[in-house]
Amino acid sequence: MPAVTEPGKIRNIAVVGHRGVGKTSLVEALLFQAGKTNRLGTIEQGTTVADWDDDEHKRQMSLSGAQLSADWHDRKINLVDCPGDAGFQADTYAALRVVEGALVVVSAVMGVEVNTTRVWKRAEEYELSRLVFVNMLDRERADFFRVLDAVRAQLSDRCVAIQLPIGAEHELQGVVDLLHMCAYLDPSGGKEGGPQPIPDELAGQVQEYREKLLDAVVETDEDLMARYLDGEDLPAEDVAHALKDAVTRDELYPVACGVATKNLGTTALLDLLVEGVPSPTKKGATIEFGDAKQAVFVYKTIADPFAGRISCFRVLAGPVTGDTTLVDPRTHAKERLGQILLLNGKENASVESLCVGDLGAVAKLKDVVTGDVLVDHEVPVEPPHIDFPEPVMSFAITPKAKGDEEKMATGLRRLSEEDPTLSLRRDQQTGEQLLSGLTQMQVEVAVDRLHSRFHVDVELHPPRVPYKETIRKEARARHRYKKQTGGRGQFGDCEIVIEPMENGDDGATYEFVDKIVGGVISQSYRPAVDKGVREAMEHGELAGAPVYGIRVKLVDGMEHSVDSSEMAFKIAGSMAFKEAYQKADPVLLEPIMELEVTVPDDAVGAVNGDLNSRRGRLQGMEPAGGMTAIRAEVPMAEILTYSQALTSMTGGRGDYHMSFLRYEEVPTHVAQRIIEQTKKEREEARA
Ligand SMILES: Nc1nc2c(ncn2[C@@H]2O[C@H](COP(=O)(O)OP(=O)(O)OP(=O)(O)O)[C@@H](O)[C@H]2O)c(=O)[nH]1
Ligand SMILES: [Mg+2]
């Protein structure tokens with residue numbers, strides 16, 4: 001494949017949105033219409049280019065970001081098809097870091113959903129140009145105009161329709177392109193034909209929305225405004241030009257529409273991607289690379305069992321070729337890029353070089369991880385911070401076969417290179433290996449992959465709730481640690497005051513304040529008290545959970561000229577903390593999850609009742625295209641096993657999505673049970 005050499009000819013777009021709105025189907029249709037593929041694959045048959053992985057076929061959903069490209073009107077369009085599910089947002093957030101534009105797909109039935117708003121906000125943070133595509137116009141209860149209103153109300157009132165549907169639901173016949181004033185008719189899965197005249201019966205509506213579009217565009221361009229007011233019939237190129245400028249400056253967000261699975265609306269959308277999204281020359285990435293002449297940013301890593309590690313990157317300075325050798329300032333290691341790949345689902349092509357702004361990949365870089373910036377000479381660069389969500393759900397994990405521990409750990413390490421929101425660590429208290437992620441499904445996918453890619457079978461044990469402990473009032477305690485066993489003794493004596501820190505339930509962690517006057521404890525022993533306190537805080541006295549949000553003041557003490565040691569002060573600090581903690585009104589905190597459940601109307605009563613029994617607090621209910629979306633806040637401990645319950649309550653027609661919200665105090669009666677349980681487990685462990 002010949003390389004694109006002009007950054008001005010590139011369009012980088014992340015395709016994002018809520019789960020299951022048709023992003024992958026839309027990307028499939030775009031590739032087909034652009035002639036990149038010669039058949040329109042489907043999710044149902046597992047034949048799309050972007051969802052090529054077996055696990056994606058099995059679950060019929062995207063699990064990772066797929067980098068693809070197509071040519072349209074002498075422009076190269078790079079698309080990153082991102083997963084919509086809450087558990088797999090790492091790739092979405094990383095992809096948004098390397099594109100100029102975000103194509104936000106929404107369903108014409110469901111409108112704006114939880115993840116639509118999330119990705120919109122993220123795109124806003126990165127100042128990306130945004131387009132909206134209202135998909136699934138053919139579905140029952142689809143309503144483009146209702147969704148357009150929702151988009152304008154909930155995302156931005158600068159969203160403006162650039163296309164309109166012809167007909168609706170099963171009588172949908174095509175779409176109108178308001179920019180070029182033409183229509184495209186439903187190709188029912190075939191190649192979309194050329195532009196057609198707009199049907200007469202739509203003339204009034206088209207006129208109305210064309211005016212709204214022109215008003216919005218000319219508003220952003222003085223020159224065009226003057227010509228418009230003079231009554232000039234503005235040529236499409238001039239409007240397109242002004243539109244692109246407005247989109248580039250984030251002043252307008254065009255709203256397109258169509259039916260991905262029928263390949264309807266793709267011609268107009270491809271035109272819009274080329275004409276409406278800025279190239280890297282116009283906007284460019286905001287990632288630092290110093291004065292490097294060649295630089296790339298690795299935004300994603302794929303753990304391929306055959307090809308090894310594949311690093312996906314954006315060229316920040318270039319061009320780069322296979323012979324380019326770059327250095328990673330993080331490790332100081334030199335890396336030769338080697339064959340440059342253009343990813344395309346299962347099959348990859350190779351290319352000689354990549355110019356600035358282009359996206360590509362290479363295999364087998366040694367020590368490079370997601371988030372690294374590689375440069376041609378050692379310049380101090382600050383790699384961009386991608387704010388990945390923190391893993392909140394932990395499952396104990398063990399290999400089924402004894403002796404597979406190392407294999408399991410290696411596999412999981414590779415998988416967490418691929419997904420930074422997946423992490424493996426050892427629980428200090430129980431010695432168990434804990435696999436943590438954002439959702440249960442994400443962790444289950446990792447388990448499937450351990451089997452398919454690394455040939456190790458594991459068992460997941462019920463997830464543990466990451467409780468925390470903190471205190472509600474101030475308390476004081478003094479402890480003297482003294483031992484006299486012949487020879488040199490041990491002596492440490494300290495008095496501390498502990499108090500709650502502001503924001504201690506959710507954020508603040510720990511502060512040690514040295515208030516010793518007159519040197520009653522010498523400088524060298526004071527850090528030992530701090531260390532002892534920290535150790536005691538690792539496992540609180542209530543439920544063995546880590547203690548947060550405490551300020552510890554060391555106020556008094558005593559030392560012995562011969563017997564005092566760091567060890568003695570550490571023990572004294574630790575004991576003093578434990579004594580003070582008991583008196584400081586300690587409480588247990590639990591994670592609260594934000595839950596959105598979409599269920600058929602006839603199941604609303606049962607689902608609400610069930611949420612109630614799970615200590616859930618209802619936050620709101622909205623009709624969502626024949627279904628009802630229920631929003632609630634529920635303690636994580638109560639919804640660890642929600643999926644089976646929801647399936648049985650709704651006959652499999654329900655769907656839910658949850659993410660971590662904040663920590664809150666566990667109600668007393670519940671806390672009591674947990675504390676008793678911990679006590680019992682500790683006694684059993686001791687016995
Ligand atoms: N009727 C209809 N169905 C569609 C349309 N687009 C997608 N679908 C179907 O909707 C389902 C989800 O489509 P996907 O393309 O996987 O959606 P997605 O947004 O990529 O989903 P995730 O990647 O899992 O977030 C599949 O069953 C598609 O066949 C459409 O325009 N009309
Ligand atoms: Mg998808």
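How far is an oxygen atom of ligand 1 from an N or O atom in the side chain of serine 25? In this predicted model, the separation is 2.6 Å. That contact is a convenient point of entry, and the account below moves from the ligand site to the sheets and then to individual residues elsewhere in the chain.

The backbone also takes part in the polar contacts of ligand 1. A polar backbone atom of glycine 22 lies 2.9 Å from an oxygen atom of the ligand, and a polar backbone atom of glycine 84 lies 3.0 Å from a ligand oxygen. Taken on its own, ligand 1 has 650 Å² of accessible area, of which the protein covers 90%. The surrounding shell consists of 19 residues, the closest being Lys23, Thr24, Ser25, Glu44 and Ser62. By class, the shell contains 6 nonpolar, 8 polar and 5 charged residues. Helix H1, which spans residues 23–33, makes the greatest contribution to this shell, with 3 residues.

The next element to consider is an open sheet of 7 strands. Read across the sheet, the strand order is E2-E3-E1-E4-E5-E10-E6, and the pairing is mixed. Strand E2 (66–72) and strand E6 (159–161) form the edges, each pairing on one side only. Neighbouring strands are turned against each other by 30 degrees on average, direction ignored. Within this sheet, strand E1 (residues 10–17) and strand E4 (residues 101–107) run parallel and are joined by 5 bridges. Valine 16 stands opposite valine 104 of E4.

A second open sheet has 3 strands in the order E7-E8-E9, here with antiparallel pairing. Its edge strands are E7 (163–166) and E9 (182–185), each of which pairs on one side only. The average turn between neighbouring strands of this sheet is 25 degrees, direction ignored. Strand E8 (residues 174–177) runs antiparallel to E9 and is joined to it by 4 bridges. One residue pair in this region is aspartate 177 with its bridge partner in E9, cysteine 182.

Which strands does helix H9 lie across? Helix H9 (residues 266–276) lies across E1, E2, strand E3 (75–81), E4, strand E5 (129–135) and strand E10 (253–257), and runs at about 105 degrees to E3. Helix H9 also lies across E7, E8 and E9, where it runs at about 130 degrees to E9. Strands of both sheets are thus among those that H9 lies across.

Threonine 220 offers a view of a loop, the one between helix H6 (203–218) and helix H7 (222–229). A polar atom of the threonine 220 side chain lies 2.6 Å from the backbone oxygen of valine 217. Beyond its neighbours within four places in sequence, threonine 220 is in contact with Ala242, Ala246, Arg249, Glu251 and Leu252.

Further along the chain, strand E29 takes part in two pairings. Strands of a sheet pair through backbone hydrogen bonds, in either a parallel or an antiparallel manner. Strand E27 (residues 490–500) runs antiparallel to strand E29 (residues 550–558), and 8 bridges join them. Here the bridge partner of glutamate 499 is arginine 551 in E29. Strand E28 (residues 510–514), by contrast, runs parallel to E29 and is joined to it by 5 bridges. In that pairing, valine 513 stands opposite lysine 553 of E29.

Notes
Residues numbered from 1 in each chain as written. Chains lettered and ligands numbered in written order. Predicted model: local features only at pLDDT ≥ 70, side-chain atom pairs only at ≥ 80, totals over all residues. Heavy atoms only, no water. Pairing = 2+ DSSP bridges. Axes fitted to C-alpha atoms, helices over the stretch in contact; angles between N-to-C directions. Contact = heavy atoms within 4.5 Å. Near = heavy atom within 4 Å. Polar contact = N/O pair within 3.5 Å; in protein donor to acceptor, adjacent residues only side chain to side chain. Areas by Shrake-Rupley, 256 points an atom, 1.4 Å probe, with all protein chains shown as cover. Nonpolar A, V, L, I, M, F, W, Y, C, P; charged D, E, K, R; others polar.
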